[in-house]
Structures are given as C-alpha cells and as structure tokens.
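This briefing concerns a single protein chain. Please consult the sequence and the coordinates shown here alongside the text.

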Amino acid sequence: MYPKDLPGFELLQKMIDEGNNPAMGETLSFKLVYLELGKVIFSGVPNHNYVNPMGTVHGGWYGSILDSAMACSVISRLPANQIFTTLEYKVNMTHQIPLNQEVWAEGTSVHIGRRTAVAEGKIYDKSRKIYATASTTGLIVSKQ
C-alpha cells in the first residue's frame, strides 16, 4: 500500500507508474490507465467470470468499474489529508458489453466541495460506443 500522506493525484500517479492495481481491479479485471486532474480512465475486459445467469456481463461489473473511475476522479483533486467515500451512485446501462472486449470507464469530477463531491462516468469501447453512464455523490472526510 502507499503512504497515506500523498495527495490524491500523486497516489494515483504512483499506482500507474508502478503498475499496481487495487484488489478490486485485480479481482474484476480492470486497471487505472489514464490520469489527469479531475479525470481518470480505467480499462477493463469482462470475461465469463463476470456474467449473470443470462450469460451477459453482470450489472455489478458495470457498477464496480464506474464507481472506481468516478471516485478516483474526485480523489485526484484531493489533498493528502482527505479521502473520498461513495455515498450513492446510479448506473444506466444502455448496451450489453460483449464478453472479452476491452472497454474504458471514464470518470470526471463535477463538483468538489468541503464535505461532498459529485462525479460522472461512462463506459465506452474503441469506437466510442457508450455502454453505460453513471453519476455519484460522495463524502469527503479527513484521513485518520
């Protein structure tokens, strides 16, 4: 794990530079691949391990990669003494993601206040087809 005294942007950049991925990303086959202040992109390839009983990519996979992207877009703008935790998020799935196809989840911070933050997200493929959109609200708290 990384030192807790790093600002969010530096923490995320270190993850990319060192090729490290949070456990959730390892478990669900997605990783942080792009970072700028207030915007991040995760790359993911859902496979047969993430299907629902109907054989399509489970909604939880969509939600997990989007929650990660949106939260990290906020984290990228936080100082070293603060963290972000999701209070709620909403996902609108518009198309099924084909199995074993790489997609990207982009998160963009919309508002960073003293106690709350808002971000938006979307999942798309190489042709820029949108598979889902999302929004989140979260709480900004001081690190312990």
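The points below pass from the overall fold and surface to two individual residues.

The model is predicted. Its chain holds 3 helices and 6 strands, and 39% of the 144 residues are buried. The radius of gyration of 15 Å agrees with the value near 15 Å that a compact globule with 144 residues would have.

**Fold and dimensions**

- Read from the N terminus, the order of elements in the chain is α-α-β-β-α-β-β-β-β.
- The C-alpha trace extends over about 45 × 30 × 25 Å along the principal axes of the chain.
- Among contacts with a separation of 6 or more, 62% are made by residues 24 or more positions apart.

**Surface and charge**

- The chain exposes an accessible surface of about 7,800 Å². Carbon and sulfur atoms contribute 53% of that surface.
- Positive side chains number 13 and negative side chains 12. A distance of 5 Å separates the centres of the two sets.

**Glu106 in strand β4**

- Strand β4 covers residues 103–112 and includes Glu106.
- Is Glu106 buried or exposed? Its relative accessible area is 9%, which is under the 20% limit, so Glu106 counts as buried.
- The side chain of Glu106 forms a polar contact of 3.1 Å with the side chain of Tyr124.
- Beyond its neighbours within four places in sequence, Glu106 is in contact with residues that precede it in the numbering, namely Lys39, Val40, Ile41 and Ala69. Glu106 is also in contact with Glu120, Gly121, Lys122, Tyr124 and Arg128.
- Tyr124 therefore appears both in the contact list of Glu106 and as its partner in the polar contact, given that a polar contact requires N or O atoms within 3.5 Å.

**Gly63 in helix α3**

- Gly63 belongs to helix α3, which comprises residues 59–75.
- With a relative accessible area of 2%, Gly63 falls under the 20% limit and is therefore buried.
- Which residues does Gly63 touch, not counting those up to four places away in sequence? They are Tyr89 and Val91.
- Gly63 and Tyr89 stand 26 residues apart in sequence. In space, their C-alpha atoms are 8.3 Å apart.

**Summary of the two sites**

- Glu106, a residue of strand β4, is buried and has a side-chain polar contact with Tyr124.
- Gly63, a residue of helix α3, is buried and touches Tyr89 and Val91 when residues up to four places away in sequence are not counted.

Definitions and conventions. Residues numbered from 1 in each chain as written. Predicted model: local features only at pLDDT ≥ 70, side-chain atom pairs only at ≥ 80, totals over all residues. Heavy atoms only, no water. Helix = DSSP H or I, 4+ residues; strand = E, 2+ residues; numbered from the N terminus. Rg over C-alpha atoms; globule rule 2.2 N^0.38 Å. Buried < 20%, exposed > 50% of the residue type's maximum accessible area, 1.4 Å probe, protein only. Contact = heavy atoms within 4.5 Å. Areas by Shrake-Rupley, 256 points an atom, 1.4 Å probe, with all protein chains shown as cover. Lys, Arg positive; Asp, Glu negative; His and termini not counted. Charge placed at Lys NZ, Arg CZ, Asp CG, Glu CD. Polar contact = N/O pair within 3.5 Å; in protein donor to acceptor, adjacent residues only side chain to side chain.
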